[in-house]
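Here is a short report on a two-chain model. Please keep the sequence and the 3D view open while reading.

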Amino acid sequence: MKLKQLSVFLENKPGRLRELCALLAENQINIITLSLADTEQFGILRLIVKDYDKAKTLLESNGFVAKLTEVIAVELDDQPGGLSEILSIEEASGISVEYMYAFVIKSGEKAVLLFRFDDMDKAVAALQQANLPILDSVELYQRAEG
Amino acid sequence: MHAQWNDRESLMHPASAPDYMREEQLRTLQLQRLRAITKHAYDNQRLFRERMDERGVKPEDVRSLEDIRKLPFTQKTDLRDTYPYGLFAVPMNEVVRLHASSGTTGKPIVVAYTDEDIEVWKEVMVRTFACAGLHSGDIIQNAYGYGLFTGGLGAHYGAEALGATVIPISGGNSERQIMVMRDFGTTAICATPSYFLHLIEYAEKMGIDWDEIPLRAGVFGAEPWTDEMREYIEGKTGIKAYDIYGLSEIIGPGVGMACEKQHGLHIFEDHFMIEIVDPVTDEAMPDGEEGELIITTLSKKAMPVMRYRTHDITSVIAGKCECGRTIRRINRIARRSDDMFIIRGVNIFPSQIEAALLKVEETQPHYQIVLSSHGGMDQMEVQVEVSAKTFTDTVRGVEAVHKQLSDAIAHILGIRVKLTLVEPNTIERSMGKAKRVIDNRTK
């Protein structure tokens, strides 16, 4: 139920993000969604791509530090209260969010939220118990490709 | 089958005999040679004679080893000012070899060898390799640069004289270095420590395990490095990493070498006389106390160098080494008196930064120090490469690594300096001596 996410270390310098995106584009790797965490000194780019192993090798051979991490994707109706419900469930189980990001899928009515929790297994269990739809990788890529 | 004299570690190579000489015998030999070389230099080196005459000192005034203190020092600038042949003490037809060191500024310095000098050089290199437990049957990959640099040919001739098999691969082409190491069954390598670190990284990239390579010893020198770096190399590769000391001005590699006890470097005192002096007052320092290393070549004919100021900071280790060698030891040279820079009134050596970074577990020692001036103040920035190991995917994780590194430096220096994490492979890799300090200060 967990998905692979590719995290990349970026120095805070002009053009670096563009270089990375250009590299993925040249190699026909489509970014399903991404988030960028940045500090004054550096950034961490988190990417969801279908071919994450290929992308990782590609980035590493071009001098980036890249790491595969796991996230959970939850599909929700795109309406008020969805995120709040998930957070209440996790909070009740004593789990915290390390980071999260979201995207709206092409059909327009649904949103996908991506989470990294401090305890991933416990988080999955809690969501399942509440009957919230967790997407596996096949489902996520299907949604993204619409 | 008969055991050959040098095919087992337990059997000493005959060239190593002086390493075990009785102390009185060694000092007598040193005095004899010091008197002879002082006379030779006085008779044949104009600069030395002029300085002796200025001081009113004659070669005959050297009656004891302590009398060396009456003689003038030689500075690196003396070698530069007399470029190229001004310090040669034999006619050109007796000089069989020239080497030159890449001067960091302007002209290089040129050094010369007679046939006899080359023999001495071979001998001290044989003794050097023997300190690392190497012998006939070993396959030595020589990754020191061949050419004007003394490292390549110095190690080459020594390894051949030892009876080992030499692979004269020279520096560079890391992929080939690793392939040769594995396919040729290299048992020992000579390289600068920073280049070997680069090879470790490269082997990792190629997916090569050090267990596939029979390498057991590394002879690393030509730049200052630290014990922490030695432990890192040994831990990563399972080899023993030995510190070799030498300088072109004196002979090249083979002035001193660590033995298997890994506690300081033995100096081949029958050929090189050492003193430790206070770099400011020139006063002699007692054993155990740090100062500048001064070396006098006791047997070099083509170009004797009297009381050479090395700018290397070290101390003599008191007492005998457990390995049985009687020649004295100096501590590992981790800094040079002229490497030092001052930030906010604190004296800083690059080696201290390196030691701090290595203390933080899992940090590969790829770093660079950038000096700059801001509003009349010197600023220092340490750039450290992030590696797959230190990168965690949370901001908190990366900041924790940053803090660990930054704290380790602050702990050693006593001041906090700017530290920046940079992407891998952004710091230039060296094939020879590593350039650790980028000085952008306005002069």
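## Chain A: fold and dimensions

This is a predicted model. From the N terminus on, chain A runs β-α-β-β-α-β-α-β-β-α-β-α. That order comprises five helices and seven strands. The radius of gyration of chain A is 16 Å, and the globule rule gives 15 Å for 146 residues, so chain A is as compact as a globular protein of that length.

Along the principal axes, the C-alpha atoms of chain A fill a box of roughly 45 × 35 × 25 Å. Of its 146 residues, 26% count as buried. Take the contacts in chain A between residues at least 6 apart in sequence: 68% of them join residues at least 24 apart.

## Chain A: two domains

The domain assignment splits chain A into domain 1 (2–69) and domain 2 (71–145). The C-alpha centres of domain 1 and domain 2 of chain A are 22 Å apart. The contact between them takes 10 residues from domain 1 of chain A and 13 residues from domain 2 of chain A.

Which elements give two or more residues to the side of domain 1 of chain A that touches domain 2 of chain A? They are β1 and β2 (31–38) of chain A. β2(A) provides the largest share of that side, four residues. By class, this side of domain 1 of chain A has four nonpolar, four polar and two charged residues.

## Where the chains meet

Chain A brings 16 residues to its contact with chain B, and chain B brings 14 residues. On the side of chain A that touches chain B, at least two residues each come from β1 (2–11), β3 (42–49), β4 (66–77) and β5 (97–104) of chain A. Seven residues of that side of chain A are nonpolar, five are polar and four are charged.

## Chain B: overall dimensions

Chain B holds 10 helices and 21 strands. Its radius of gyration is 23 Å; a compact globule with 443 residues would have a value near 22 Å, so the two agree. The C-alpha trace of chain B spans about 75 × 70 × 40 Å along its principal axes.

Of the 443 residues of chain B, 42% count as buried. Among contacts in chain B between residues at least 6 apart in sequence, 67% join residues at least 24 apart.

## Chain B: a mixed sheet with helices

One open sheet of chain B has four strands in the order β20-β19-β18-β21, and its pairing is mixed. β20 (418–422) and β21 (437–439) of chain B are the edge strands, each pairing on one side only. From one strand to the next, the twist averages 25°.

In which sense do β19 (residues 377–385) of chain B and β20(B) pair, parallel or antiparallel? They pair in the parallel sense, over five bridges. B:Glu385 has B:Val422 in β20(B) as its bridge partner.

Helix α9 (residues 350–359) of chain B packs on this sheet. α9 of chain B touches β18 (367–374), β19 and β21 of chain B, and its direction makes about 130° with that of β18(B). Helix α10 (residues 395–413) of chain B lies across β19 and β20 of chain B. α10 of chain B runs at about 140° to β20(B).

## Chain B: an antiparallel sheet

Another open sheet of four strands follows the order β10-β11-β12-β15 (chain B), with antiparallel pairing. The edge strands, β10 (272–277) and β15 (335–336) of chain B, each pair on one side only. Six bridges link β10(B) and β11 (residues 291–297) of chain B in the antiparallel sense. B:Glu275 stands opposite B:Ile294 in β11(B).

## A closer look at B:Glu269

B:Glu269 sits in the loop between β9 (265–267) and β10 of chain B. Is B:Glu269 buried or exposed? B:Glu269 has 21 other C-beta atoms within 10 Å. A residue is buried if that count is 20 or more, so B:Glu269 is buried.

Leaving aside neighbours within four places in sequence, B:Glu269 is in contact with B:Leu26, B:Gln30, B:Ile274, B:Ile327 and B:Arg328. B:Glu269 and B:Leu298 are 29 residues apart in sequence, and their C-alpha atoms are 8.6 Å apart in space.

Notes
Residues numbered from 1 in each chain as written. Chains lettered and ligands numbered in written order. Predicted model: local features only at pLDDT ≥ 70, side-chain atom pairs only at ≥ 80, totals over all residues. Contact = placed C-beta atoms within 7 Å. Nonpolar A, V, L, I, M, F, W, Y, C, P; charged D, E, K, R; others polar. Rg over C-alpha atoms; globule rule 2.2 N^0.38 Å. Buried ≥ 20, exposed ≤ 12 C-beta atoms within 10 Å, placed from the backbone. Pairing = 2+ DSSP bridges. Axes fitted to C-alpha atoms, helices over the stretch in contact; angles between N-to-C directions. Domains from an automatic or database assignment.
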